[in-house]
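Hello,

Here is the structure I promised to send over. Please have a look at it first, and then read on for what I found.

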Amino acid sequence: MAQHSEKEILEGLGEIIDEIAGVPAADVTPEKSFVDDLDIDSLSMVEIAVAAQDKFGSEIPDDQLKDLKTVQDVINFIQK
Amino acid sequence: MSTTEVVVTGLGATTPVGGDVASTWSALLEGRSGITTIDEEWAEELPVRIAGRAAQDPAELFPRARLRRLDRTQQFALVAAKEAWQDAGAPEVDPLRLGAVVSSGIGGILTILEQYDTFREKGWRRVSPFTVPMLMPNSPVAAVSLEFTARAAAHAPVSACASSAEAVADAIRLIRSGRADIVIAGGTEAAIHPLNIASFASMRALSTNNDDPAGASRPWATSRDGFVMGEGAGILVLESAEHAAARGARVYAVAAGAGYSADAHDIVSPDPDGQVRAIRAALDDSGLRPEEITHVNAHATSTPAGDVGETVAIRRALGDAAADRVAVTSTKSMTGHLLGGAGAVESIATVLALHEGRIPPTINIDELDPEVVVDIVRDKPRDLPADTVAAINEGFGFGGHNVAVAFRRV
């Protein structure tokens with residue numbers, strides 16, 4: 001499976017989060033917390049995880065999703 | 001015994017004939033139909049290819065991300081509720097004294113069907129995590145309660161096509177009981193989908209007058225052949241008279257009272273006896289005498305079975321003297337049948353008839369069914385009799401639900 005660059009993943013997450021949660025892609029930066037900074041609730045996180053899987057091909061299991069607090073956490077998970 | 005008087009202080013609507021109350025009301029007075037051809041490909045194989053699409057697509061009024069978690073019934077309800085709330089002067093009220101009673105006859109069926117398609121095509125992980133909070137029949141009232149921070153109560157009476165007449169009736173009781181000072185009340189429906197059209201068509205309940213959409217909904221016409229499905233919402237702001245007076249609110253009408261009954265007769269076929277009991281109960285509840293009712297906005301949907309029987313029920317309930325002078329109309333001839341939204345939209349029409357002194361016409365009656373036993377307002381609007389005290393809106397639903405709501409002039 002092709003490895004995605006950090007920049008590529010960040011842009012992709014920005015598009016997904018804009019579409020699903022209405023947060024402008026430009027506000028989606030690595031240090032942001034989904035809950036505290038981007039105001040994304042747990043149900044939207046489920047949608048974001050599924051969309052990220054479609055885009056980047058790496059499944060995020062439910063038991064690990066709850067540990068992904070920041071955008072950087074998701075980037076690291078996808079690059080793992 | 002003193003009863004808390006309840007008044008109507010705000011109106012909101014989004015219907016097949018207009019995106020708000022003003023445009024809806026002017027279309028009704030002009031006798032303009034909102035029924036059009038369904039131009040989607042899915043309609044091609046169906047026997048019914050006409051419907052009353054909302055004049056204003058609600059999806060254009062919400063941010064994209066918000067739409068992902070709002071069923072179309074919720075969108076309509078929020079649009080109408082926002083209009084009604086502004087119309088009422090956006091009152092300041094303690095959230096614990098603000099209630100919501102908003103119905104849908106069917107609930108979020110477009111969400112159910114769309115998500116089932118997704119499930120079958122793509123598997124369970126692609127099913128939206130918002131499916132449940134969108135498909136619940138209480139999802140519209142939940143959305144309204146959240147939007148306006150209504151914490152006294154949030155109810156969603158479900159009684160098919162009587163649902164939102166029942167919501168208005170329940171809202172009157174909620175205020176009378178002392179549990180709320182203001183209640184946002186009404187109903188919504190969004191069910192134009194091939195399965196729903198097929199389901200009603202399979203009952204032979206829908207008009208198949210596909211070549212003449214604007215002429216298809218024709219309550220009391222000899223040639224009527226079924227109802228036309230519409231979509232949209234109506235919301236009324238009901239308020240205790242005391243609360244409204246204290247803030248100097250404009251009052252459209254008094255929500256004088258309501259009557260309920262159940263047929264226990266047949267799951268779909270209406271029973272005039274049940275309708276008579278509901279109308280009489282509404283008179284009792286509102287302290288009105290039959291001769292004080294000069295106008296009825298009827299349930300009449302344009303079905304062969306229902307329309308004539310309703311006029312018989314009106315005559316029996318009011319008695320001959322009062323029935324001889326009552327002016328009856330069916331605004332469904334223009335909006336189509338909004339199912340769970342019908343009672344609220346038609347309560348709004350009833351309130352405006354009292355407030356404006358004009359009764360909207362029933363259109364499309366080429367030849368009046370000779371078995372109709374009351375005076376129908378046909379083709380052109382009519383002035384409400386000057387000595388009018390009150391008017392009634394009727395809503396009946398599959399399952400044998402009957403509701404009559406009485407409104408009195410201020």
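Let me begin at a single glycine: G123(B), just after α4(B), takes a positive phi of about 95 degrees. Before going further, please keep in mind that this is a predicted model. Its scores are ipTM 0.89 and pTM 0.96. For chain B the pLDDT averages 97, and 100% of the residues score at least 70.

**The helix before that glycine**

Helix α4 of chain B covers residues 109-122. How far apart are its end C-alpha atoms? They are 20 Å apart, which agrees with the 20 Å that 14 residues should span at 1.5 Å a residue. Within α4(B), the residues I109(B), L110(B) and T111(B) are buried. The cover over the buried residues of this helix includes α3 (72-87), α5 (131-135) and α8 (194-202) of chain B.

**Two more positive phi values**

Two residues of chain B that are not glycines also caught my eye. T149(B) has a positive phi of about 50 degrees, and S302(B) has a positive phi near 90 degrees. Both sit in loops: T149(B) between α6 (139-148) and β5 (153-155) of chain B, and S302(B) between β9 (293-297) and α12 (306-318) of chain B.

Are these residues buried or exposed? T149(B) has 11 other C-beta atoms within 10 Å; the cut-off for exposed is 12 or fewer, so T149(B) counts as exposed. S302(B) has 28 other C-beta atoms within 10 Å. Buried begins at 20 or more, so S302(B) counts as buried.

**The two domains of chain B**

The domain assignment splits chain B into domain 1 (7-246) and domain 2 (257-408). The C-alpha centres of these two domains of chain B lie 20 Å apart. Their contact takes 61 residues from domain 1 of chain B and 55 residues from domain 2 of chain B.

Which elements give two or more residues to the side of domain 1 of chain B that touches domain 2 of chain B? They are the strands β1 (6-14), β4 (98-104), β6 (182-189) and β7 (232-240), together with the helices α1 (21-30) and α7 (163-176), of chain B. The most comes from α7(B), with eight residues. By class, the residues on this side of domain 1 of chain B are 32 nonpolar, 23 polar and six charged.

**Chain A and where it meets chain B**

Chain A has four helices and zero strands, so its pattern along the sequence is simply α-α-α-α. Its C-alpha atoms fill a box of roughly 30 × 25 × 20 Å along the principal axes. The radius of gyration of chain A is 11 Å, which agrees with the value near 12 Å for a compact globule of 80 residues. Of those 80 residues, 30% count as buried. Taking the contacts in chain A between residues at least 6 apart in sequence, 56% join residues at least 24 apart.

How many residues of chain B are in contact with chain A? Ten residues of chain B are in contact with seven residues of chain A. The side of chain B that touches chain A is made up of five charged, four nonpolar and one polar residues.

If you are opening the model now, G123(B), just after α4(B), is a good place to begin.

Best wishes

Methods
Residues are numbered from 1 along each chain as its sequence is written. Chains are lettered from A and ligands numbered from 1 in the order in which they are written. This is a predicted model: local features need pLDDT of at least 70, side-chain atom pairs count only at pLDDT 80 or more; totals for chains, interfaces and linings use all residues. Domain bounds come from an automatic or database domain assignment. Two residues are in contact if their C-beta atoms, placed from the backbone, lie within 7 Å. Ala, Val, Leu, Ile, Met, Phe, Trp, Tyr, Cys and Pro count as nonpolar, Asp, Glu, Lys and Arg as charged, and the others, Gly among them, as polar. The radius of gyration is taken over C-alpha atoms; the globule rule is 2.2 Å times the number of residues to the power 0.38. pLDDT is the predictor's confidence in each residue, from 0 to 100. The expected span of a helix is 1.5 Å times one less than its number of residues.
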